[in-house]
Amino acid sequence: MTNLLPDITAGDVAELDPAERTPCEVWTRVMGYHRPIASFNIGKKGEAAERLHFTEHAAASHPRPLPHEVAR
């Protein structure tokens with residue numbers, strides 16, 4: 001079988017002409033269902049931009065506080 005894909009290594013950057021690019025639609029989960037961010041109003045777009053992202057691996061390395069340790 002012939003490998004038709006070019007060899008890609010870490011740090012390689014794909015260079016595309018603007019005509020080759022396609023828009024990427026970003027969706028997020030809001031109130032139990034998924035919606036495209038493009039359909040948000042300006043306030044909701046601001047909230048989405050302020051959200052923090054995490055990985056499961058990083059989150060697993062931090063133990064969760066016990067209920068009595070959480071400030072109320």
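Is Thr28 buried or exposed, and what is its relative accessible area? In this predicted model, Thr28 is buried, since its relative accessible area is 15% and anything under 20% falls in that class. That makes Thr28 a handy place to start looking around, and the rest of the fold can be picked up along the way.

First, the overall layout. The protein has 2 helices and 2 strands, and reading from the N terminus the order is β-β-α-α. Out of 72 residues, 7% count as buried, and Thr28 belongs to the buried class. The exposed surface of the protein comes to about 7600 Å², with carbon and sulfur atoms supplying 59% of that area.

How far can the model be trusted? The average pLDDT of the protein is 80, and 88% of the residues reach at least 70. Of the elements, strand 2 has the highest mean pLDDT, at 90, while helix 2 (residues 56–60) has the lowest, at 77. Where pLDDT is low, the predicted coordinates shouldn't be read in detail.

Now for the strands. Strand 1 (residues 27–30) and strand 2 (residues 33–36) run antiparallel and are joined by 4 bridges. Across this pairing, Arg29 sits opposite His34 of strand 2. The hairpin leaves 2 residues between the strands, and Met31 in that hairpin adopts a positive phi near 50°. In a regular strand, side chains alternate between the two faces of the sheet. Strand 1 itself shows a covered face made of Thr28 and Val30, and an uncovered face made of Trp27 and Arg29.

Back to Thr28, which is part of strand 1. What does Thr28 touch, leaving aside residues up to four places away in sequence? The list is Tyr33, His34, Arg35, Ile37, Phe40 and Arg51. With Arg51 there is also a polar contact, in which the two side chains come to 2.8 Å. Another pairing links distant parts of the sequence: Thr28 and Ala48 are 20 residues apart along the chain, yet their C-alpha atoms are 8.5 Å apart in space.

Helix 1 (residues 42–50) holds a salt bridge between Glu47 and Lys44. The closest N and O atoms of this pair are 3.1 Å apart, and a search of the whole structure finds 1 salt bridge. The two partners are 3 residues apart, which is about one turn of the helix. How accessible are these charged partners? Glu47 counts as partly exposed because its relative accessibility is 43%, between the 20% and 50% cut-offs. Lys44 is partly exposed too, with a relative accessible area of 27%.

Ala49 is also found in helix 1, but it lands in another class. Its relative accessibility is 66%, so Ala49 counts as exposed, the cut-off being over 50%. Between the C-alpha atoms of Ala49 and Ile37 the separation is 9.9 Å, with their positions 12 residues apart along the chain. Ile37 has already come up above, as one of the residues touched by Thr28.

Note on methods:
Residues numbered from 1 in each chain as written. Heavy atoms only, no water. Pairing = 2+ DSSP bridges. Salt bridge = Lys/Arg side-chain N within 4 Å of Asp/Glu carboxyl O. Buried < 20%, exposed > 50% of the residue type's maximum accessible area, 1.4 Å probe, protein only. Areas by Shrake-Rupley, 256 points an atom, 1.4 Å probe, with all protein chains shown as cover. Polar contact = N/O pair within 3.5 Å; in protein donor to acceptor, adjacent residues only side chain to side chain. Contact = heavy atoms within 4.5 Å. pLDDT = per-residue confidence, 0-100.
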